[in-house]
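User: Can you walk me through the backbone oddities in this one, then a helix pair?

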Amino acid sequence: MQQRKLGQSDITVAPLAFGGNVFGWSIDEKTSFSILDKFVEAGLNLIDTADVYSRWAPGNQGGESETIIGKWLAQGGRRDKVVIATKVGKDMGEGRVGLKKDYILRAVEDSLRRLQTDHIDLYQSHDDDRSTPLEETLAAYDTLVKAGKVRLIGASNYEVDRLAQARDIGRQLGLPLYQTLQPEYSLVAREGFERTLEPYCLEQGVGVIGFYSLASGFLSGKYRSEADLGKSAARGGKVKSYLNPRGLQILAALDAVAARHASTPAAVALAWLIARPSVTAPIASATSLAQLDELVAATRLQLSREDIAALDQASAY
């Protein structure tokens, strides 16, 4: 499996990340374990989660995803085979939110405990906290890196000006630099990333591990009309916004390319992302072993220039 560097670090990952938001929400612990086993067996290694996953599910408090990953790691022999990425900053309730130094230093201990590990490979600011000075947040990460609890840091949901400012401050003060960015990016959501963030990331060597790579499942071809929205109560609302002429045009292009390769729309949509020079590893989730097979297939699918041109044209903004 081809390996790519996370930013300008010495940590390398396979070109597809597994999104751990489904653990403890869409799938239970047993299914999560089987999917993680098969994910690693396929030669993939980057697992992305967050402390807040999956607080939104009824009865959950947050930390469920990290806890399941931790139990899986505790079975032994797996920690050195995976790169664990998690996040801090979204509202965990009871005032636990944001990127102030004291809070990050407390939150990381909770994540380490749930993950049952002594270090996090990639620790990410889940949202930009404009109420906290960037240097304070970076100083917290500096403490963690020096303590060996965090290897790299990344940013999620940052605008280009704030990402650049944070990295400039890091250079000026000798603090860790954000080595990765986690933006929303897919065939249906291109403009927000491509106009400003993509040029900066390419120029600066910032690794990109985008989320909603399959647009909440829309790019799998599962949803083609409003009648299909009932297939997922959790995701139907977001998918509805893609059911327009452009969205259906993108599905038609995916169908055509998939047919040429005897593949699937989901695999093609991910392969398009993997082929982007700016992208290190798109994040995608699966709730079954069959869905995971589609994700793995994307890493082996070589799109032609004609395929990419057709998808670019269909998804133009």
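Analyst: Backbone first, then helix packing. Keep in mind that this is a predicted model.

User: Start with the peptide bonds. Which one is cis?

Analyst: The bond from Tyr53 to Ser54, with omega near -5°. Most peptide bonds are trans.

User: Where does Ser54 sit?

Analyst: In a loop. Strand E4 (46-48) comes before that loop and helix H2 (64-73) after it.

User: OK, phi angles. What is odd about Gln116?

Analyst: Its phi is positive, about 55°, and Gln116 is not a glycine. Most residues other than glycine have a negative phi. Gln116 belongs to the loop that links helix H3 (101-115) to strand E6 (120-125).

User: How accessible is Gln116?

Analyst: Partly exposed, because its relative accessibility is 47% and the exposed class starts over 50%.

User: And Asn157, what is its phi?

Analyst: About 60°, so positive in a non-glycine residue. Asn157 lies in the loop between strand E7 (150-156) and helix H5 (160-173). Its relative accessible area is 33%, which means partly exposed.

User: Switching to helices. How do H9 and H10 cross?

Analyst: At roughly 35°, with their axes coming within 8 Å. H9 covers residues 265-274 and H10 covers 289-298. The crossing is right-handed.

User: Which residues meet there?

Analyst: H9 brings Ala266, Ala267, Leu270, Ala271 and Ile274. They meet Glu294, Leu295, Ala297 and Ala298 of H10.

User: How many of those are nonpolar, polar or charged?

Analyst: Eight are nonpolar, none is polar and one is charged.

Key. Residues are numbered from 1 along each chain as its sequence is written. This is a predicted model: local features need pLDDT of at least 70, side-chain atom pairs count only at pLDDT 80 or more; totals for chains, interfaces and linings use all residues. Side-chain values use heavy atoms; hydrogens and water are left out. Helices (H or I, at least four residues) and strands (E, at least two) are DSSP runs, numbered from the N terminus. Buried means under 20% relative accessible area, exposed over 50%, partly exposed in between (1.4 Å probe, protein chains only). Axes are lines fitted to C-alpha atoms, for helices over the stretch in contact, and angles run from 0 to 180 degrees between N-to-C directions. A crossing is left-handed if the near helix is turned anticlockwise from the far one by less than a right angle, and right-handed if clockwise. Contact means heavy atoms within 4.5 Å. Ala, Val, Leu, Ile, Met, Phe, Trp, Tyr, Cys and Pro count as nonpolar, Asp, Glu, Lys and Arg as charged, and the others, Gly among them, as polar.
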